[in-house]
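Reader: I am new to this structure and would like to go through it with you. May I begin once it is on display?

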Amino acid sequence: MEHYGIDLLDLWRERLSLRRVSVLVKGLMHKAGRSQLLAALDETTVWSTQDHLMARVSDALELSNFLFLKAHSDSVSDLPPPDPLPRPGMYPELPEPPEEDFASGAEVAEFFQAMGNM
């Protein structure tokens, strides 16, 4: 309804075919930045193809400038490389979960023995 103004109940009222529903859903999959369904399935589609290309061009330009400065300057030896632009769907690495500490066999036996004595 949001994009096409078509009621899905028309499918059961025999005014809409399954083929038409399939075509409409496939059409939603190609509307980057507009389809909530597509964004829920793949976060990288929040940006359009042009947005992703512009981010790549920007990253390449920053890297080119970094390499130029690095090659032509003696005083810029500790210059950090540029960070790429953050993109949808790209997350920093998640920290590793802490290692779980399990009870020993004696502690488990003691727990059940205390439960049995209640």
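Reader: Which side chains meet in a salt bridge with an N to O distance of 3.7 Å?
Author: Those of aspartate 10 and arginine 15 do. A salt bridge is a side-chain nitrogen of Lys or Arg within 4 Å of a carboxyl oxygen of Asp or Glu. Please note that this is a predicted model, in which local features need pLDDT of at least 70, side-chain atom pairs count only at pLDDT 80 or more, and totals for chains, interfaces and linings use all residues. Residues are numbered from 1 along each chain as its sequence is written, and side-chain values use heavy atoms, with hydrogens and water left out.

Reader: Is aspartate 10 buried or exposed?
Author: Aspartate 10 is buried, at a relative accessible area of 15%, whereas arginine 15 is exposed at 61%. Buried means under 20% relative accessible area, exposed over 50%, and partly exposed in between (1.4 Å probe, protein chains only).

Reader: What does arginine 13 form with aspartate 10?
Author: A salt bridge, in which the closest N and O atoms are 3.1 Å apart. Arginine 13 counts as partly exposed, with 40% relative accessibility.

Reader: How many salt bridges are found in the whole structure?
Author: The search finds four. One of them pairs arginine 87 with aspartate 59, their closest N and O atoms being 2.6 Å apart. Arginine 87 lies in the loop between α3 and α4 and aspartate 59 in helix α3, so this pair ties together parts that are 28 residues apart in sequence. Helices (H or I, at least four residues) are DSSP runs, numbered from the N terminus. Both arginine 87 and aspartate 59 are buried. As for the network, Asp7, Asp10, Arg13 and Arg15 are joined into one by salt bridges that share partners.

Reader: Which backbone nitrogen lies 3.0 Å from a polar atom of the aspartate 59 side chain?
Author: That of leucine 85.

Reader: Turning to the surface, which residues form a negative patch?
Author: Glu99, Glu100, Asp101, Glu107 and Glu110 form it. Patches are made of residues with over 30% relative accessible area and no salt bridge, with like charges joined within 9 Å and nonpolar side chains (Val, Leu, Ile, Met, Phe, Trp, Tyr) within 5 Å. Glutamate 99 lies in the loop between α3 (49-72) and α4 (105-116), and is exposed, with a relative accessible area of 79%.

Reader: And which residues make the nonpolar patch?
Author: Val108, Phe111, Phe112, Met115 and Met118 make a nonpolar surface patch of about 580 Å². Phenylalanine 112 belongs to helix α4 and is exposed, at 55% relative accessible area.

Definitions and conventions. Accessible areas come from the Shrake-Rupley method with a 1.4 Å probe; for residues, only the protein chains shown count as cover. Lys and Arg count as positive and Asp and Glu as negative; His and the chain ends are not counted. The place of a charge is taken as NZ of Lys, CZ of Arg, CG of Asp or CD of Glu. Helices (H or I, at least four residues) and strands (E, at least two) are DSSP runs, numbered from the N terminus. A polar contact is a pair of N or O atoms within 3.5 Å; within protein, one must be able to donate a hydrogen and the other to accept it, and residues adjacent in sequence count only if both atoms are side-chain atoms.
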